[in-house]
Amino acid sequence: MGGTLFQLAYLVSAVLFIVGLQRLSSPETARGGNTIAAVGMLIAIVATLLGEHILSFTWIVVGAVIGSGAGLLMAQMVPMTAMPQMVAVFNGFGGAASALVAIADYLELVKGHEGIEVAHGVSIMAGVLIGSVTFTGSMIAYGKLQGFVTEKPVTYPLQKTSNFILLIAMLAAGTWLSLTPPAGQEGIFYFLIAASLVLGVLVVIPIGGADMPVVIALLNSYSGLAASAAGFVLENMSLIISGALVGASGLILTGIMCRGMNRSLGNVLFGAFGGGGGPQAAGGGGPGGDRTAREINPESAAMMLAYARQVVVVPGYGLAVAQAQHKLRELGDLLGRKGVTVKYAIHPVAGRMPGHMNVLLAEANVPYDQLYEIEDVNPEMADTDVALVVGANDVVNPAARDDPTSPIAGMPIIEVDRAKQCIVMKRSLNPGFAGVDNPLFYLPNNSMLFGDAADSLAALVREVKEL
Amino acid sequence: MIGPLLVGVYVFVLAMFVGWQVITKVPPTLHTPLMSGSNAISGISIVGALVIAGTASDTLMTVLGVAAVALATVNVVGGFVVTDRMLKMFHRRPSGGSED
């Protein structure tokens, strides 16, 4: 009877997770939703502590104190710009925990000289494989985003072939282990663990820094699948359900990111995009040197902005790098008070993870109802007096729309070139993250405001105030 | 009757569908909190970690258990706290402010 009660507690926790996620459908209910999900987690933890015949709480407390301390510290200290790295680390830890659960379960079988059921064995091996790949893959993604692993794709001859051979060897080992009584098979089991950890590194190093948002979303999905696998190992429905929810979430976000770049998942994972000096687009009319970009000073730019009816701001990651979100919001507020309608157009891959730019702007107090998605803002472009591009490049590159030979051809863009006037704030005419030349800079309705985004925005704020 | 594995598969597939339905309704503005929040939920493997750490009978199991509990707790506590930190920053335009 007690057992049933605890199973029901797990069911309640799973329901609370779903309700919590459901409340993320609106910014107004989202915070409450997160709390509901946290309560669900608490219920699952309490049910486990009371219901699973725990012998000693000592080591649980040790682990929980270390983990809570580290988790709290990281969550409170992390700057919003570093959110992708932190989510990568958390993903990795979740994957590692799931892998450890599967590993411990197998080692218990070894110790008890028990046989292994095929289904149980497959669950264990899946947990070890997915969990370990998630762990090391996430750590490499973290390193790439943080900058201590090269952002460039690391490639070498026969890379895909050797990864594939390693995967086949792992699947063979996993199959063998699922069918063979565990005692005496530890060597092969340790090989499977080590190979999974290595594979996680090998599959992420060939992916360029610009593609990390996709990788993180995919690893997010894997961390869920690893939890599900651990659920199959323990025959715990709560883990299976929660893992499936997260797995689905990660897959959806992966799809959105891929569509945002008009790339297939296969191309992201194996394409080694953005390597070396980068491919130079032939788009427009020859190399940049032949054309001239018009420069504008802050005074004239401020004039254009202040007397516009509608201004669409397109922020990119460069804005966050310059820590200029607050200055941008100040400019937006000033213009708003002068009667200008200010809209922020957010490209799905504007930041370095799904929705990253929205969080950065929310931190700077930009109201979320001023943020617009690509498909809502593009139809309004022709009626927009000034489009202001801050630290974005590839996401406003008309070559993606007009030049089928461009490396970013087909990527959805924010069509700032269709606005009456466009001002691009940028340090120089250098190509962006993807290494692709941008013909926008040389269009007659475009002007360049060169300089550091924070300095330029401060200058604009000053000039607008003086008008 | 169907065995426990098959029950698990049923539950997994249905939960995937529920997840798909619920998460496609999350607006792009909230995708980062969605990731960190769902990430915290994937820390549910803490349930398994607690059992290992609480029933360990030798050093190896104790080490595995403590490591698993610590890693999963970072995931759970850190994930929910950072999601909350982000979500409390989201707000609407103050009423009476500049509307067009």
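**Close-up views of a predicted two-chain model**

**View 1. Residues 275-288 of chain A, where confidence is low.** Over residues 275-288 of chain A, pLDDT (the predictor's confidence in each residue, from 0 to 100) stays under 50, and the model has 30 contacts beyond four places in sequence for them; a contact joins two residues whose C-beta atoms, placed from the backbone, lie within 7 Å. Where pLDDT is low, the predicted coordinates should not be read in detail. The mean pLDDT of chain A is 91, with 95% of its residues at 70 or more. This is a predicted model, in which local features need pLDDT of at least 70 and side-chain atom pairs count only at pLDDT 80 or more, while totals for chains, interfaces and linings use all residues. Residues are numbered from 1 along each chain as its sequence is written, and chains are lettered from A in the order in which they are written.

**View 2. Helix α8 of chain A.** Helices are DSSP runs (H or I, at least four residues), numbered from the N terminus. The 23 residues of α8(A), 212-234, reach 32 Å from first C-alpha to last, close to the 33 Å expected at 1.5 Å a residue, that rise being multiplied by one less than the number of residues. Of its 23 residues, 23 are buried (20 or more other C-beta atoms within 10 Å of the residue's own, placed from the backbone). A:Glu235 follows α8(A) and has a positive phi, near 50°.

**View 3. Helix α4 of chain B and the contact with chain A.** In α4(B), residues 59-87, 21 of 29 residues are buried. The contact takes 78 residues from chain B and 97 residues from chain A. On the side of chain B that touches chain A, α4(B) gives the most, with 27 residues.

Definitions and conventions
Helix = DSSP H or I, 4+ residues; strand = E, 2+ residues; numbered from the N terminus. Buried ≥ 20, exposed ≤ 12 C-beta atoms within 10 Å, placed from the backbone.
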